[in-house]
Amino acid sequence: MDILVLTLIFFILMLIGIPIGTSLGISAVITIFQFDLGIGMVGINFSSGIASFPLLAVPFFILAGVLMDKAGLAASIARFFELILGKATGGLAMVSVFTCMFWGAMSGSGPATTAAVGLILLAPMIKHGYDKNFAGALIANASDLSIIIPPSIAFIIYGSITNVSVGALFVAGIVPGILTGIGTALVAYLISKKRGYHGIHQRGNVKEILKALKDAFWAFISPIIILGGIYTGKFTPTEAAVVSVFYSLFVALFIYRSLTWRIFMDVLVDAAVTSSVIMFIVAFAGIFSWTASVTGFIDQAAECIIRISPNAIVMIILINLLLLVLGMFIDAISISYLVMPVLMPVLQAFSIDPLWYGVIFITALAIGQATPPVGVNLFTAANLIGGDVDGVAKQAIPFVLMDILILIILTLIPALCLYLPKIAGLY
Amino acid sequence: MKPNKKLRIDHLIAAALLFAMAFIAFANVISRYLFHFSFSATEEITINLFVWLTVVGSGIAFERGGQLGMVTLFNVFPKRFQKAAVIFSALLSAALFIIVDIFMIQAIYDEITLFEATSPALGIPVWIYYIGVPVLSVFVFKGIYKNTAAQLNELNTDQAEN
């Protein structure tokens, strides 16, 4: 049986709705068996695919995010931005974008951000006359792009596949993350202006704003600890993640006093499950790409790709297009494992910087996740507003166009990603 | 998520593992930065608990129907195909873990009888780390079974209504 047939098996399994981890695992097992690659190692390989210190950052960042969510920090961040921006045209829309950005700086996952911020801001937006599909699309898009803002699980996975420093990736994501946030806010403002979505009330007075700032203070400090620690080289990303777990635990227990044993238990279980969903894919994707590599499939595929064009920019554009399409259907982590092993030799052949490319890669995937027809975040948003995905998807189009514009800018100006990691001495 | 009244054993194990991992890792960071004393050998425990956590957590994820997959095509299947796909999916997922378990048990057996390898940092026999995978995968099978039963049930009721 040819390796291509086995790849085909994987795609068929995935298409009929078999969990991606299972599809990867089963096709890997068949390949190992077929080519006699040592089936006896499957058990150990499963466990060694998970047992890695850098990947520990995944459950820890997830746990910190769930803790802060349960502590009610998202609401106090939203309140602060509302007092400052609420009065402007499209005020609540922009409040949503900035809350998503800040939430993205504490939590590492897109759908989790959609759920946390959506629960707080969707209802007020709809109440104040915003089209509910527009509101859903806005939050889906803003949270999706928040995975570029560190900490980010997508970056942890990319780093673990490519051996690029996760700390450097996090720092490289700061400027692009802020850019996409501003871009999204701009689109939200222009659409609000055209449709007459007015501000909500008087701007908060200084006293109110200071009070809100005090309430949200603990939330605002968190990214400073995480990023500051990594930026100055004090913490590795995994250490930063575990520090942020105990920081959030401290805030939830002693500042917000919103944590009971019962809730804490649920928080731990939810975080364990969310992390396991990712690690289930990671474990079997690791075995899958290992088999693809020892059977020589990856080299062949990479050679084919290299032959398509001698021009690095053309190559990046083509790959980005592929990623945008894949991202509409599959989650970012599976795509990273499917695509990156093949792309690494390609990057090398074109002398493309893997750190810079990491930001481009994750940005392209993030756009795919917020893009019609499928987009995982659109589903979360559609669920929250009780509407259908098609309606949300239509409203998402202007945001996606803006995201693509930003992707092009990041592709043309690598310094936007590379300047910060360089001056921090991380790269 | 609905808060369920009774504490479940798999939930308890998952929560305890995750908390233990976080606690060990945090103690490590604290001792290194504050007391300049490192017991980073315990890192080995953390990453192996991480493997165990993934197995238990995957079981709960299966039960909640939370594993990531493409549902685009599945949703347009006729109901009969959907039922077949649900059963096929459950069998494949279970088969995958059975394969992992068989070779894990084989490896444990070899370790105990033959190699007697110990872990690099703490000198713990490696089979102790391995054994969590086959033991805890009981919850994976349970999760797959429960979810499949629930999905089939739902498809049957849908069919009855139409």
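The questions below look at how chain A and chain B meet in a predicted model, and then at one helix of chain A.

This is a predicted model, in which local features need pLDDT of at least 70 and side-chain atom pairs count only at pLDDT 80 or more, while totals for chains, interfaces and linings use all residues. Residues are numbered from 1 along each chain as its sequence is written, chains are lettered from A in the order in which they are written, and side-chain values use heavy atoms, with hydrogens and water left out.

Q: How many residues of chain A are in contact with chain B?
A: Contact means heavy atoms within 4.5 Å. By this rule, 56 residues of chain B take part, and on the side of chain A the number is 58.

Q: Which residue of chain A meets B:Arg64 in a salt bridge?
A: A salt bridge is a side-chain nitrogen of Lys or Arg within 4 Å of a carboxyl oxygen of Asp or Glu. The count between chain A and chain B is 2. In one of them, with 3.2 Å from N to O, the partner of B:Arg64 is A:Asp270.

Q: Is α4(A) largely enclosed or not, and why?
A: Helices are DSSP runs (H or I, at least four residues), numbered from the N terminus, and buried means under 20% relative accessible area with a 1.4 Å probe, protein chains only. Because 13 of the 15 residues of α4(A) are buried, this helix is, with respect to the rest of the structure, largely enclosed.

Q: Which residue follows α4(A)?
A: The residue that comes after α4(A) has a positive phi, near 90 degrees, and is A:Gly72.

Technical notes: Buried < 20%, exposed > 50% of the residue type's maximum accessible area, 1.4 Å probe, protein only. Helix = DSSP H or I, 4+ residues; strand = E, 2+ residues; numbered from the N terminus.
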